[in-house]
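User: I'm new to this one. Can you walk me through it?

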Amino acid sequence: MHKQKPYLDNFPNENGYFGKFGGAYIPPELQKPFKEIEEAYQKLSKDFEFLSELKKIRKYYQGRPTPVYFAKNLSNIVGGNIYLKREDLNHTGSHKLNHCMAEALLAKYLGKKKLIAETGAGQHGVALATAAAYFGLECEIHMGEVDIKKEHPNVVKMKILGAKVVPVTKGLKTLKEAVDSAFESYLNDTKNSIFAIGSVVGPHPFPKMVRDFQSVIGFEAKEQFLEMTGKLPDMVTACVGGGSNAMGIFSAFIEDSVELYAVEPAGKGQNLGEHSASLTYGEEGIMHGFNSIMLKDERGEAAPVHSIASGIDYPSVGPEHAYLNSIGRTKIGLCTDEEAVDAFYTLSRLEGIIPALESSHALAFAMKYAKENKGKSILVSLSGRGDKDIDFIIENFPRD
Ligand SMILES: *Cc1c(COP(=O)(O)O)cnc(C)c1O
C-alpha cells in the first residue's frame with residue numbers, strides 16, 4: 001500500500017472510533033474472532049510479503065491501475081472539466097474486488113478455509129466468489145429469497161464461480177435477514193471461516209481495513225491526475241452506500257485543499273422509505289455492530305430505504321463518513337433516481353461508457369456542480385459498469 005499520511009494513521013483510534021462514530025458493538029462470542037482479525041490486519045498491513053502479493057494481484061489479475069479519463073464531450077456540455085476514475089475497468093466491473101481480494105488474502109494468511117458474507121443485489125457476492133476461486137477458498141453467500149429472484153444473473157455467476165448460495169427465508173427475505181443468517185453461520189465456525197464485510201461498515205476493524213484496501217483508488221487517481229494536469233482537482237466526488245468507493249477515493253485527498261462530496265441517493269421523495277440518504281435525514285444510532293448516522297423508523301429501528309441503485313440503498317453509512325461530515329471535511333451531494341437515470345444515458349451516449357446506476361449518482365452530482373462552478377476540475381469515482389442495469393433501464397426508462 002502507499003505511504004499513508006497522518007490522518008489515515010490516526011483515524012480510527014485503537015478501538016475503532018472516528019470521533020464518536022464506529023466501534024464494535026458485538027455479542028461476546030464474536031469478540032475473540034474479531035480481535036483475531038484486527039491483530040492479523042495490524043501485522044499484515046506492515047508486512048512486506050503480504051503487501052507485495054497484494055500489489056501483484058492488483059496489477060496482473062485485477063488490471064490495475066485503472067485509468068483516469070478526461071470526459072471531454074461531457075465536459076464541453078456542462079462547462080467544467082470532468083475526470084473519471086475508471087473502476088468500471090477493474091476486474092468484475094467495479095471497485096468491490098479491491099477489498100475482496102485483500103480480505104481473501106488476509107483469510108489465507110490466517111489459515112482460514114471459508115469466506116462467508118451476505119449480499120443484497122449480489123455484487124459483493126460475485127466479487128467475493130471471484131476472490132474465493134482465485135485463492136482456492138470455499139465461499140458461502142447468504143442472500144434473501146426475494147433478492148435471489150430479483151438478481152438472477154448474479155446468482156448464476158456466483159454458482160458458476162463455485163460459491164454456495166444460501167437462500168434466506170426469514171422475515172422480509174432481503175438484506176437484513178441475510179446479514180443475520182451469515183453471522184449465524186460464521187458463529188458456528190469462527191475457527192475455519194472469516195466474515196468478509198462488503199463496505200466500510202460493520203464492527204471494527206472492517207471500516208478501517210476496507211478503507212485502507214480501497215484507498216488504492218485515491219492514491220492511483222491522485223498521481224494520475226497530477227501527471228495529466230499538473231494540479232490537484234478542485235473537487236472529488238463519489239456515491240455513498242456503505243461508503244467504500246467514496247472513502248477509497250477520498251483517502252488520498254483528506255489533507256489537501258480539495259472539496260470532497262459524498263453523494264447520497266435522494267430516491268423519489270423525502271419521506272422515510274423513499275430514499276436512502278442516511279447522512280442527510282438520519283440520526284445517531286447503532287446498527288450492524290457500529291455507531292453511525294442511520295435512518296430510523298418510529299420504533300427506532302432501521303427504516304425501510306429506497307434507491308433505484310440497489311448497491312446504495314443502505315439505512316446507515318460507514319462511521320468515517322459520519323465523522324468527516326460532522327467536522328465539515330466532507331459535504332453531501334444529493335441525486336434523485338431520475339437524475340441518476342439521466343446521467344446514465346448522458347455518459348453512455350456522450351462518451352460510450354455505460355456506468356452503473358450507483359456511479360451515475362456521483363456523475364449526476366458532478367454535472368450539476370460543474371454547471372454551477374464553471375471551469376472547476378472534478379474527479380469522479382466511476383465505481384462500476386452498468387451492464388447489470390441495462391435490462392432494468394430498457395424496461396422502465398426506454399429512450400429513443
Ligand atoms: C456496491 C456498489 C456501490 C456501493 O458501495 P460503497 O461501499 O458505498 O462504495 C457503488 N457502486 C457500485 C458499482 C457498487 O457495486
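Analyst: We'll take the annotated domain, the ligand and then the salt bridges. Keep in mind that this is a predicted model.

User: Which domain does UniProt place at residues 63–384?

Analyst: An unreviewed UniProt entry puts "Tryptophan synthase beta chain-like PALP" there.

User: How much of residues 63–384 is helix, and how much is strand?

Analyst: Helix makes up 42% and strand 20%. The C-alpha atoms at the two ends of that stretch are 14 Å apart.

User: On to the ligand. How many residues surround the ligand?

Analyst: There are 18. The closest are Lys-96, Ser-199, Gly-243, Ser-244 and Ser-383.

User: What polar atoms sit by the ligand there?

Analyst: Take Lys-96: an N or O atom of its side chain is 2.6 Å from a ligand oxygen. Ser-383 has a polar side-chain atom 2.7 Å from a ligand nitrogen. Gly-242 uses its backbone: an N or O atom there lies 3.2 Å from a ligand oxygen.

User: How much of the ligand does the protein bury?

Analyst: The protein buries 97% of the 380 Å² that the ligand exposes when taken alone.

User: Back to Lys-96. What feature does UniProt place at Lys-96?

Analyst: The unreviewed entry lists a modified residue, "N6-(pyridoxal phosphate)lysine".

User: And where is Lys-96 in the fold?

Analyst: It is in helix H5, residues 96–109.

User: Is Lys-96 buried or exposed?

Analyst: Lys-96 is buried, because its relative accessible area is 16% and the cut-off for buried is under 20%.

User: Which residues is Lys-96 in contact with, leaving aside neighbours within four places in sequence?

Analyst: Those are Gln-123, His-124, Ala-127, Gly-198 and Gln-214.

User: New topic. Why would side chains pair up by charge?

Analyst: Side chains of opposite charge can pair when their charged atoms come close.

User: How many salt bridges does the count come to?

Analyst: It comes to 19.

User: Start with Glu-38. What does Glu-38 form a salt bridge with?

Analyst: Its partner is Lys-35, with the closest N and O atoms 3.8 Å apart. Glu-38 and Lys-35 are three residues apart in helix H2 (residues 28–44), so about one helical turn separates them.

User: Are Glu-38 and Lys-35 buried or exposed?

Analyst: They split. Glu-38 is buried at 11% relative accessibility. Lys-35 is partly exposed, at 42%.

User: Which parts of the chain do Asp-256 and Lys-222 link?

Analyst: First, the bridge itself: the closest N and O atoms of Asp-256 and Lys-222 are 2.6 Å apart. This pair links distant parts of the chain, with the two positions 34 residues apart. Asp-256 is in the loop between helix H11 (244–250) and strand E10 (259–267). Lys-222 is in helix H10 (residues 206–229). Both Asp-256 and Lys-222 are buried.

User: And what does Glu-358 pair with?

Analyst: Glu-358 forms a salt bridge with Lys-388, the closest N and O atoms being 2.8 Å apart. That pair also connects distant parts of the chain, 30 residues apart. Glu-358 is in helix H15 (residues 357–372). Lys-388 is in the loop between strand E14 (377–382) and helix H16 (390–396). Glu-358 counts as buried at 10% relative accessibility, while Lys-388 is partly exposed at 34%.

User: Last one. Which residues are linked in a network of salt bridges?

Analyst: One such network links Arg-64, Lys-85, Glu-87 and Glu-220.

Terms used
Residues are numbered from 1 along each chain as its sequence is written. This is a predicted model: local features need pLDDT of at least 70, side-chain atom pairs count only at pLDDT 80 or more; totals for chains, interfaces and linings use all residues. Side-chain values use heavy atoms; hydrogens and water are left out. A salt bridge is a side-chain nitrogen of Lys or Arg within 4 Å of a carboxyl oxygen of Asp or Glu. Helices (H or I, at least four residues) and strands (E, at least two) are DSSP runs, numbered from the N terminus. Buried means under 20% relative accessible area, exposed over 50%, partly exposed in between (1.4 Å probe, protein chains only). UniProt positions are given in the numbering used here, feature names are shortened, and annotations may be inferred rather than shown by experiment. Contact means heavy atoms within 4.5 Å. A residue is near a molecule or strand if one of its heavy atoms lies within 4 Å of it. A polar contact is a pair of N or O atoms within 3.5 Å; within protein, one must be able to donate a hydrogen and the other to accept it, and residues adjacent in sequence count only if both atoms are side-chain atoms. Accessible areas come from the Shrake-Rupley method with a 1.4 Å probe; for residues, only the protein chains shown count as cover.
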